[in-house]
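Here's a quick tour for anyone opening this structure for the first time. Have a look around, then come back for the highlights.

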Amino acid sequence: MKRRYLIVSDDPGWHGARLERALARRGGEAVCASLAQGRLEVVPGRLPVVFPGFADRLPAGVFVRGISGGSLEQLILRLDLLHGLEALGVKVYNPPRAIELSVDKGMTSVLLNRAGIPTPPTWVTQDLAEAAAIVQEELRQGHWVVSKPLFGSQGEGVELHTHLDSLRALVPAGGVYYLQRYVGQQPAWDFRVFVVAGRAVAAMVRRGGADWRTNVAQGGRPEPAALDDSLIRLAQDSARVLLMDYAGVDIMEDAQGRRWVIEVNGIPAWKGLQSVCDLDLTQILVDDFLRRCAPAA
């Protein structure tokens, strides 16, 4: 019987197809399903965590490619499903704890700072007056400020505040203001470093598209980049602090040449990086994933 793996994704697309082919080359079978399709089932004689395609057996491993939004209760259940599979001995890639730490930008900032990894000054508050005062003081000192959703990806909901009038655009995401000093240059660009199994394997420069955001999903243009000692150290240290099997680490360089870790992505896309990289990143990921999966019972 082929070993069957679960790919967690709402929209498998390019990444899901690549993962399916790479697993098939290694003799495995992939089933794609959303966390919204899973359930807990505490019934004698049945598996406690159930997904389509796995009613009578556990996955040989779980590759997490996406966690959709929802109510607090839905998010807790979706993470419980991953924690439950991990408790049953199934390898979850990335682990649910790593996903929890990285999806929460506030905790990411705290952990990076405590580990001595350079990350920009950051504030997280629920109070509009506090948030406005922080932005106003940063602007007075000549700094720009980025506001972001505490939970979010691909540059959605991100705003750049460059003058006092922009405070009118200061809108909380879910009642929370996440503010970070903008340390980049203009025109905007940054590095994305891909880390697998604790090792930086590839990097690209992302140059801003129609606006200042560099995310490829927002029109950023990927270009190949060489990995130097600084990028390697910052990316690998960040992935280690956040307990990640694999990660996409976003690093900005300021006008003085100092580098800052902006975000660490626990469910990173790699389509843009693959377009400027000679390595088969999907195969590298799958090889590491399978190495971590327990042998079939």
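Keep in mind that this is a predicted model. A good place to start is its largest nonpolar core, which has 24 residues. Leu23, Phe63, Phe194, Leu281, Leu285 and Phe289 are the ones with the most contacts inside that core.

**The cores**
- At least two residues of the largest core come from each of β1 (3-8), α1 (13-25), β11 (189-196), β12 (199-207) and α8 (281-292).
- Helix α8 gives the largest share, with 5 residues.
- Another core, of 23 residues, lies apart from the largest one, and Ile117, Phe191, Val193 and Leu234 are among its members.

**A four-stranded sheet**
- Here 4 strands make an open sheet, lined up as β7-β10-β8-β9 with antiparallel pairing.
- On the edges sit β7 (122-125) and β9 (159-161), each of which pairs on one side only.
- On average, neighbouring strands in this sheet are turned by 25 degrees against each other, if you ignore direction.
- Strands β7 and β10 (residues 177-182) run antiparallel and are joined by 4 bridges; for instance, threonine 122 has glutamine 180 in β10 as its bridge partner.

**Helices packed on that sheet**
- Helix α4 (residues 105-114) packs on the sheet and touches β7, β8 (144-148) and β10, with its direction at about 45 degrees to that of β10.
- Helix α5 (residues 128-140) also packs on the sheet, touching β7, β8, β9 and β10, and its direction makes about 5 degrees with that of β10.

**A closer look at threonine 108**
- You'll find threonine 108 in helix α4.
- Is threonine 108 buried or exposed? Its relative accessibility is 4%, so threonine 108 counts as buried, the cut-off for buried being under 20%.
- A polar atom of the threonine 108 side chain lies 2.9 Å from the backbone oxygen of leucine 101, and the side chain also reaches the backbone oxygen of serine 102 at 3.5 Å.
- Leaving out residues up to four places away in sequence, threonine 108 touches Leu101, Ser102, Leu242 and Val264.

**The β14-β15 hairpin**
- Strand β14 (residues 246-253) runs antiparallel to β15, and 6 bridges join the two.
- One of these pairings matches isoleucine 251 with valine 261 in β15.
- Between the strands of this hairpin there are 5 residues, and glycine 257 takes a positive phi near 85 degrees.
- Why is strand β15 (residues 259-265) described as largely enclosed by the rest of the structure? Because 7 of its 7 residues are buried.

How values were computed. Residues numbered from 1 in each chain as written. Predicted model: local features only at pLDDT ≥ 70, side-chain atom pairs only at ≥ 80, totals over all residues. Heavy atoms only, no water. Pairing = 2+ DSSP bridges. Axes fitted to C-alpha atoms, helices over the stretch in contact; angles between N-to-C directions. Contact = heavy atoms within 4.5 Å. Core = buried A, V, L, I, M, F, W, Y, C linked by side-chain atoms within 4.5 Å. Buried < 20%, exposed > 50% of the residue type's maximum accessible area, 1.4 Å probe, protein only. Polar contact = N/O pair within 3.5 Å; in protein donor to acceptor, adjacent residues only side chain to side chain.
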